[in-house]
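This report describes one protein chain for a reader who is new to structural models. Please keep the sequence and the structure in view while reading.

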Amino acid sequence: MEIKKSQLKSKVRNFFTQKVRNIKENKRQQYIIETEGKILYSAIVLDEESRNKLLDLMRFWVDVPNEWRRLAHHMTISFKEELPNQLKKDLGEDITLKINSIGISDDAIAVGVEGYPSTKDTPHITLAIPLDGKPVNSNDIEDWRDIEDEILLNGKVSEIIATYS
């Protein structure tokens with residue numbers, strides 16, 4: 001039986017495509033095994049009322065492109081680390097944060113906050129990012145503007161753990 005050159009190319013391409021898929025899946029599975037149950041970050045996670053208030057206020061401060069994702073979920077205390085020992089006692093406690101600024105860049109919009117320790121140079125809550133953006137981009141915001149009004153947000157001290165289904 002004779003195989004045409006085009007059929008052979010197709011079979012070889014399919015073979016290698018499947019091999020690459022298998023390698024990628026094996027790496028993904030290994031990553032899941034290595035990170036399952038590990039702390040992704042510790043944070044003050046906003047309650048629903050504070051999150052909604054923050055998203056409503058954002059519209060008054062800045063024109064956010066419609067296609068950007070809205071976040072307003074948490075203020076990072078530390079990334080890929082559990083709470084420092086001196087803060088462990090606060091786990092699950094209610095905390096009030098005060099907004100002190102808003103930061104804007106082409107890659108993120110965030111509000112600066114105060115009221116709880118953070119490893120970030122500018123403790124903040126990421127409000128919105130482009131569809132292909134990442135929340136970490138808010139760490140690079142350079143244009144921060146003060147907010148004079150006293151705006152308070154409530155949340156809980158939390159440790160976010162990696163889980164996969």
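## Confidence and overall build

Over residues 28-35 the pLDDT, which is the predictor's confidence in each residue on a scale from 0 to 100, stays under 50. For this stretch the model has four contacts (heavy atoms within 4.5 Å) beyond four places in sequence. The chain as a whole averages a pLDDT of 86, and 79% of its residues score at least 70.

The model is predicted, and local features need a pLDDT of at least 70, side-chain atom pairs count only at pLDDT 80 or more, and totals for chains, interfaces and linings use all residues. Residues are numbered from 1 along each chain as its sequence is written, and side-chain values use heavy atoms, with hydrogens and water left out.

The chain contains two helices and eight strands. These are DSSP runs numbered from the N terminus, with helices (H or I) of at least four residues and strands (E) of at least two. From the N terminus on, their order is α-β-α-β-β-β-β-β-β-β. Of the contacts with a separation of 6 or more, 75% join residues 24 or more positions apart.

Of the 165 residues, 35% are buried (under 20% relative accessible area with a 1.4 Å probe, protein chains only; exposed means over 50%, and partly exposed lies in between).

## The largest pocket

A pocket is an open set of points on a 1 Å grid over the protein atoms alone, where a 1.4 Å probe fits, with protein on both sides within 12 Å along at least five of seven lines. The largest pocket has a volume, the space filled by probe spheres set on the points, of about 380 Å³. Its lining consists of 14 residues, those with an atom within 4 Å of a point; the closest to the centre are His74, Thr76, Thr126, Pro135 and Val136. Strands E3 (74-79) and E6 (124-129) each supply at least two lining residues, and the largest share, three residues, comes from E3.

| Class of lining residue | Members of the class | Number in the lining |
|---|---|---|
| Nonpolar | Ala, Val, Leu, Ile, Met, Phe, Trp, Tyr, Cys, Pro | five residues |
| Polar | the others, Gly among them | seven residues |
| Charged | Asp, Glu, Lys, Arg | two residues |

## Aspartate 146

Is aspartate 146, in strand E7 (residues 143-146), buried or exposed? Aspartate 146 is exposed, with a relative accessible area of 65%. Not counting residues up to four places away in sequence, aspartate 146 touches Asn100 and Ser101. Aspartate 146 and glycine 103 lie 43 residues apart in sequence and 8.9 Å apart in space, C-alpha to C-alpha.
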